[in-house]
Amino acid sequence: MRGARRGSVRPRPWARQVLLGLLAVGVVAGVTAIPSGDAYADVQMVRSSIKGADGKDYWVENNLVDTATKPDAGTRPEYMVVWAGDENVADTVVPDVKNLPGSLANPLDKARNALPGPDFMAVVDVTKGSANYGKVVNTATVGPLVENEPHHMQYSWRKGDKIYAGGLFSAATYVFDVSALPELKLSGISLPSQTLCGSVPDAYWVLKDGTAYGTYMGGPVVPGPCTYSNGEVRTGNGFAGTPGEVVRFGPDGQKLVEAPAATRTPEDPTQCLTMPALGQPSCANPHGIQVREDLNTMVTSDYAEPRTIILDPVKAPSPYLRRPTVRTWDISDLNHPKVKSVSYLPTGPRSGAGDPLHNENRAAMETTVTNLPGHKGAFAQTMQGGALFYTPDITVPEPEWKEIYDLSAAVKELDPKAGDNGGPSSNGGWLQTSPDDTTLYHAIIGRKPGALGPTDPGTNGGVIALDIEKLVNAGTDAQCSIDTEAEIAAGGAESDCPTLKGHQTINPGKAAGGPHWGALDTLELGADGFYHQTDQPKRLATANYFVARTGTDGDHRVCLVDIAQDGSLTLDADFKDENTGDTCISFNRERWPHGAFGNAKPHSMLFVANDADIT
């Protein structure tokens, strides 16, 4: 195996010293694993390494549990890969800075996992009926960078795709080869020095040729003017600031294109605040990204100036640092993506009633496109606004977006105590259309107690499924529009408005600890014993974690949810934690196959099978 070192099966050592470095910022740290005991007594360690652009070695080290090499006879395995970060003291103590003075009087009460450990891709067996169902069969650790804050990958996976995965804090993009799971190989890495016009990578979309577009939400690595691949120049206020960009990567991690998300002309100065202020205001902080190659169109949603999100424990200085904008791009030339429209999502009937942070159009985190050739629409959602929006045609010069669902209508089903006011600051995240364009899936963290005032009890989170068939099939004749207070909790007055056909509470009794991200399982085992792509997914996965240092953490569980034929959702009770026996698997555990590094933070996931097992 080129570039790999294969270890023999042997007992895991009692202690293991690993040299790791925060090379992106020039910091080197020593990390020691405490004894791992007998939980993973025998592992097979396989390292794959490459040279980075800086000439240094970067690697992924597989820690294969003995059961990983012994799948159930007669059944081809299906896996879920989960991009997870090591929890450390900055995650457990820093969020409490908002309670100063006093909260850190005895910081040892809160300081857990003080030393940084390696981030990793967990490989979980999700083969229905397998004796290993729900077990972590490999943790593929990355190095030498630590505290990447593993964030998003692409939204779906197809046979032959590499996995593109970002480090929110390290500004690194990793590319993994998953063709021979449960083992992973490192195919490439992009460092901050290769994407100087952007920082804080968020999400990715893999194109048919295997390359990928990725959103870099933050500004240039160094404040000031930056020249993009097309020769255009934009001026930014620095790392994790504004404006962000879109980057095209090759399957080896090589940067192919840096494209500006900011327009040449100023954007609305009342809606697009920056900190520090830019001479040319911009809301260009792209987060969500989805593509219709057949329509030569890409859609990105602007969420927030990312450095201000990390300030969230002490409250960001202005709600207008959260963005209300969605951008469409012309990608007829894949190497020259160009912004063709910047749309400001409309305010809704709740807007103006209180904190502008809770206006329906605030913090446009995610967008999702339709899939079938006859459809041209796309959806967007707002994390703080708690609303869903739709445009029937993303190919026109100026798409018209309308609010088509207020989450108040769904949250009262997830959490009856929420009443009719569950939408504001409900912290929605993952948004995905089904491959057949009939259903819209959405993950909701929930609202923290007190977010709307001292008597606010907060709300539970979960995942919902909306029937969008009538809306999408209406084409440009779509009528749905939430524009009166009566429609907020009722779900809209027009006949083509989405209706709730499935919901599953994930965190009952634990306000603001529900799922931020999710993934649909589009692999289906056929009668021939091989997996096939399906447009009728029968399950999805969710992860209860956002970004700890924002003050919104989660209980670090990954759950599977079954999708019935009628669209109803039910928690998979057979998907149990191998240590506790509880439903859903917990990433809060003392030991992992790579050592006793303690709790981990699962952010995003994908369903994957070996290339040889898919037709």
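This is a quick walk through a few strands in the structure above.

Before I start, a word on where this comes from: it's a predicted model, so local features need pLDDT of at least 70, side-chain atom pairs count only at pLDDT 80 or more, and totals for chains, interfaces and linings use all residues. Residues are numbered from 1 along each chain as its sequence is written, and side-chain values use heavy atoms, with hydrogens and water left out.

Okay, strand 7, residues 79-86. By strand I mean a DSSP run of E, at least two residues, numbered from the N terminus. Eight of its eight residues are buried, and buried here means under 20% relative accessible area with a 1.4 Å probe, protein chains only.

Which strands does strand 7 pair with? Pairing, by the way, takes at least two DSSP bridges between two strands. One partner is strand 8, residues 120-125, antiparallel, with six bridges; there, Tyr79 has Asp125 as its bridge partner. Another is strand 38, residues 600-608, also antiparallel, over eight bridges, and Gly85 is matched with Lys601.

Now for another part of the model. Here we've got an open sheet of four strands, in the order 13-14-17-18, with antiparallel pairing. Strand 13 (199-206) and strand 18 (255-260) sit at the edges with a single partner strand each, so one side of each has no neighbour in the sheet. On average, neighbouring strands are turned by 25 degrees against each other, direction ignored; the axes are lines fitted to C-alpha atoms.

Last stop: strand 17, residues 245-249, runs antiparallel to strand 18 and is joined to it by five bridges. Glu245 stands opposite Pro260 in strand 18.

How values were computed:
Buried < 20%, exposed > 50% of the residue type's maximum accessible area, 1.4 Å probe, protein only. Axes fitted to C-alpha atoms, helices over the stretch in contact; angles between N-to-C directions.
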